[in-house]
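Hello,

Here is the structure I promised to pass on to you. Please open it first, and then read my notes below with the chain in view.

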Amino acid sequence: MPKILVVDDEQPIRELVKYNLEREGFEVLLAGDGNTGLDMARTEAPDLIILDIMLPGMDGLSVCRTLHQEPATRAIPIIMLSARGEEVDKVLGLELGADDYITKPFSPRELIARVKARLRRQTTDNAIQETGRIAVGKLIIDQDRFVVSVNGVKQDLTPKEFELLRYLARHPGKVFSRDFLLEQIWGYEYTGDSRTVDVHIRHIRQKLEQIPGAPQFIETVRGVGYRFKEG
């Protein structure tokens, strides 16, 4: 039974989410502020966290940042839940490590669907880590041999192109900003700008999509960044 931690300062919201999650068979933990939520995430090791941004004490973005920095909690998927729907808040939440973002008011059915989808992806991510091989349609990324092939045709990617493609493919459907990808692939001390990511994405596309019948693997999300297509 997957364990879900809901961190929200509004009791009606907590109870609504709890009721709908428990109907689907999930175990639900509740916290009404950021500090309590952070402590429970550390001690209870939930399978997923639903985290509001506007929280008393430690706000949701700070909680998200802290969880992403700590080895014991960084792999826990986080769905941000907030009344703040501005694009800048969504981008910031994703940059800090959130996996998804839902704006209040929300449909409980949509929230449940997002939770289930994220847990499915987590299972896939774990399987990928165990096998060392990512397969998406006719795209194969062999992490052990550092080999990429499409329709059986091997593609010559530079080390950074390989790392960038692998990172995106291990998180299908999740949107990453250019700055976040720079930090993950090039490191915090990199002095270049975000256009470096655009150039590498363009080169990856040129190499992978030149094969007859090959689909588009990487999508551009306007105003945000890039994501690897699901399915």
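A good place to begin is Pro-105, which sits in the loop between strand β5 (100-103) and helix α5 (108-131). The peptide bond leading into Pro-105 from Lys-104 is cis, with omega near -5°. Please keep in mind that this is a predicted model.

That bond is one of a few backbone features worth a look. As background, most peptide bonds are trans, and most residues other than glycine have a negative phi. Ala-45 is not a glycine, yet its phi is positive, at about 50°. You will find Ala-45 in the loop that links α2 to β3 (48-52). Is Ala-45 buried or exposed? Its relative accessibility is 53%, so Ala-45 counts as exposed, the cut-off being over 50%.

Asn-151 is another non-glycine residue with a positive phi, here about 55°. Its loop runs between β8 and β9 (153-155). With a relative accessible area of 30%, Asn-151 is partly exposed, because that value falls between the 20% limit for buried and the 50% limit for exposed.

Now for the chain as a whole. It has eight helices and twelve strands. Of its 231 residues, 51% are buried. If you take the contacts with a separation of 6 or more, 57% of them join residues that are 24 or more positions apart.

Where do the buried nonpolar residues gather? The largest nonpolar core has 28 residues, and Leu-165, Leu-208, Ile-218 and Phe-228 have the most contacts inside it. Several elements each supply at least two residues of this core: the helices α6 (159-169), α7 (178-186) and α8 (195-208), together with the strands β6 (133-136), β7 (139-142), β8 (147-150) and β12 (225-228). The largest share comes from α6, with six residues. Another core, of 22 residues, lies apart from this one, and its members include Leu-5, Ile-53, Met-58 and Cys-64.

Two of the helices that feed the largest core, α6 and α8, also meet each other. How do they cross? Their axes come within 10 Å, at an angle of roughly 85°, so α6 and α8 are roughly perpendicular to each other. On the α6 side the contact involves Lys-160, Glu-161, Leu-164, Leu-165 and Leu-168, and on the α8 side Val-197, His-200, Ile-201, His-203, Ile-204, Lys-207 and Leu-208. Sorted by class, this contact has seven nonpolar, two polar and three charged residues. Leu-165 and Leu-208 appear in this contact, and they are also among the residues with the most contacts inside the largest core.

The other helix pair to look at is α2 (residues 34-44) and α3 (residues 60-69), which pack at an angle of about 20° with their axes 10 Å apart. The angle is under 35 degrees, which means that α2 is roughly parallel to α3. The crossing of α2 past α3 is right-handed. Gly-34, Leu-38, Ala-41 and Arg-42 make the contact from α2, while Val-63, Thr-66 and Leu-67 make it from α3. This contact of α2 with α3 has four nonpolar, two polar and one charged residues by class.

I hope these notes help you find your way around.

Best wishes

Terms used. Residues are numbered from 1 along each chain as its sequence is written. This is a predicted model: local features need pLDDT of at least 70, side-chain atom pairs count only at pLDDT 80 or more; totals for chains, interfaces and linings use all residues. Side-chain values use heavy atoms; hydrogens and water are left out. Axes are lines fitted to C-alpha atoms, for helices over the stretch in contact, and angles run from 0 to 180 degrees between N-to-C directions. Helices (H or I, at least four residues) and strands (E, at least two) are DSSP runs, numbered from the N terminus. Angles under 35 degrees count as roughly parallel, over 145 as roughly antiparallel, 65 to 115 as roughly perpendicular and the rest as oblique. A crossing is left-handed if the near helix is turned anticlockwise from the far one by less than a right angle, and right-handed if clockwise. Contact means heavy atoms within 4.5 Å. Ala, Val, Leu, Ile, Met, Phe, Trp, Tyr, Cys and Pro count as nonpolar, Asp, Glu, Lys and Arg as charged, and the others, Gly among them, as polar. A nonpolar core is a set of buried Ala, Val, Leu, Ile, Met, Phe, Trp, Tyr and Cys residues joined through side-chain atoms within 4.5 Å. Buried means under 20% relative accessible area, exposed over 50%, partly exposed in between (1.4 Å probe, protein chains only).
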